[in-house]
Amino acid sequence: MKKKFPVISMLILTIIVFLCLACGLTMTKDPLYMDLAHCNEAPGKEFLFGTDEMGRDVFSMIWYGGRISLTVGFLATLISTMLAVLIGSVSGCASARIDGVLMRLTELILSVPGLLLTVSLQVVFGRADVYSLSVVIGLTGWMGMAKVVRTEVVQLGNTDYVLAAKCLGGRFFHVLFRHLAPNLFPSVLFMAVMHVRNAIVAEAALSFMGLGLSVEVVSWGSMLSLAERALFSRAWWMIVIPGIFLTGTLLCLTNLGEYMRGSANKRHSNLG
């Protein structure tokens, strides 16, 4: 049964991403301004989503923070994807000895719990900002993708057009970009979409544990890191509203990724 394209998920995701990127137009107030006269104010006419314990406007923080979270997600995914494609392709095209070394190294890193590896690297990097956090998450998320890329490259390496390109003297990067990359694209795109989701979750988890972005840098994760204090002050909107946006974005990315996986599986079955 052919899976239908998730139109609603794509529409919701497009709206969220657009409004986050255009946060300068959507924000009603400065998300960093601390209005101490309106701390922990419930949603109302002046503050649509309420305020936090420092008097910051939650509505503006949602769109500004979403831009930060999405930036971390996409930058981390870009780093992971580049590493995965490079290492997986080299492993798939190299001799058995090099292939074995690269795959054993990948499996060794993969055996370490992801959150522990991310936390360890973040401690080494020190105080987190958007770019250092993206690098840390990117460096800890390429292993599974690299193994899939390696398998795909091994299969594609036995096709006539790849063998012909090698016989004609085509170098590694020529074969990779000209012949392998177009066939790798569907599988890599599915994994990249799913990794954006995982990277956003990792940013939120690190911020919640106090190891991610500081409270002064607004993101969905740093907003949720105030959940404990929000519960004590009964500021439910500080948990529910960022949670809805984060969960909705993750669900949309999951639905889109599942559709891409189904399309990639269908392509492989047709080739078989």
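Here are some short exercises on the predicted model shown above, each with a worked solution.

## Exercise 1: The overall build

Find out how many helices and strands the protein has, and how much of it is buried.

**Solution.**
- Step 1. Begin with the elements: there are 12 helices and 0 strands.
- Step 2. Write them in sequence order, and you get α-α-α-α-α-α-α-α-α-α-α-α.
- Step 3. Turn to burial: 44% of the 272 residues count as buried.
- Step 4. Now look at the outside. The protein exposes about 14400 Å², and carbon and sulfur atoms supply 69% of that area.
- Step 5. Finish with contacts. Taking those between residues at least 6 apart in sequence, 69% join residues at least 24 apart.

## Exercise 2: A charged pair across the chain

Work out which elements are linked by the salt bridge between Asp 99 and Arg 150, and whether each partner is buried or partly exposed.

**Solution.**
- Step 1. Recall the general idea: side chains of opposite charge can pair when their charged atoms come close.
- Step 2. Check the distance. From N to O, the side chains of Asp 99 and Arg 150 are 2.5 Å apart, and the cut-off for a salt bridge is 4 Å.
- Step 3. Place the partners. Asp 99 sits in helix H4 (residues 96-111) and Arg 150 in helix H7 (residues 143-156), so this pair links distant parts of the chain, 51 residues apart.
- Step 4. Compare each accessibility with the limit: buried means under 20%. Asp 99 has 12% and therefore counts as buried. Arg 150 has 24%, so Arg 150 counts as partly exposed.

## Exercise 3: A small network

Find which residues are joined into one network by salt bridges that share partners.

**Solution.**
- Step 1. Start from the whole structure, where a search finds 5 salt bridges.
- Step 2. Take one of them: Glu 107 meets Arg 104 at 3.1 Å, N to O. These two are 3 residues apart in helix H4, which means they are separated by about one helical turn.
- Step 3. Look at another bridge of Glu 107: its side chain also meets that of Lys 147, at 3.1 Å, N to O. Here the link is between distant parts of the chain, with Glu 107 in helix H4 and Lys 147 in helix H7, 40 residues apart.
- Step 4. Put the bridges together: Arg 104, Glu 107 and Lys 147 form one network.
- Step 5. Add the surroundings. Glu 107 is partly exposed at 31% relative accessibility, Arg 104 is partly exposed at 48%, and Lys 147 is partly exposed at 26%.

## Exercise 4: Inside the nonpolar core

Determine which residues have the most contacts inside the largest nonpolar core, and which element gives the largest share of this core.

**Solution.**
- Step 1. Keep the background in mind: in soluble globular proteins, nonpolar side chains tend to be buried together.
- Step 2. Size up the core: the largest one has 48 residues, and Ile 62 and Trp 220 have the most contacts inside it.
- Step 3. List the elements that give two or more residues to this core: helix H1 (7-21), helix H3 (58-93), H7, H9, H10 and H12. The largest share, 11 residues, comes from H9.
- Step 4. Zoom in on Trp 220. Leaving out residues up to four places away in sequence, its contacts include Ile 16, Cys 20, Ile 62 and Phe 245.
- Step 5. Note that another core, of 11 residues, lies apart from the largest one; Ile 68, Val 72, Leu 133 and Ala 199 are among its members.

## Exercise 5: Cysteines and a surface patch

Decide how many disulfides there are, then identify the residues of a nonpolar patch on the surface.

**Solution.**
- Step 1. Search the whole structure: 0 disulfides turn up.
- Step 2. Test Cys 20. The nearest cysteine sulfur belongs to Cys 23 and is 7.5 Å away, whereas a disulfide needs sulfur atoms within 2.5 Å.
- Step 3. Contrast two cysteines: Cys 20 is buried, with a relative accessible area of 0%, while Cys 39 is partly exposed at 32%.
- Step 4. Move to the surface. Leu 115, Val 123, Phe 208, Met 209 and Leu 211 form a nonpolar patch with about 480 Å² of accessible area together.
- Step 5. Locate one member: Leu 211 lies in the loop between helix H9 (172-208) and helix H10 (220-224), and is partly exposed at 31% relative accessibility.

Key:
Residues numbered from 1 in each chain as written. Predicted model: local features only at pLDDT ≥ 70, side-chain atom pairs only at ≥ 80, totals over all residues. Heavy atoms only, no water. Helix = DSSP H or I, 4+ residues; strand = E, 2+ residues; numbered from the N terminus. Buried < 20%, exposed > 50% of the residue type's maximum accessible area, 1.4 Å probe, protein only. Patch = residues over 30% accessible without salt bridge, like charges linked within 9 Å, V, L, I, M, F, W, Y side chains within 5 Å. Areas by Shrake-Rupley, 256 points an atom, 1.4 Å probe, with all protein chains shown as cover. Contact = heavy atoms within 4.5 Å. Core = buried A, V, L, I, M, F, W, Y, C linked by side-chain atoms within 4.5 Å.
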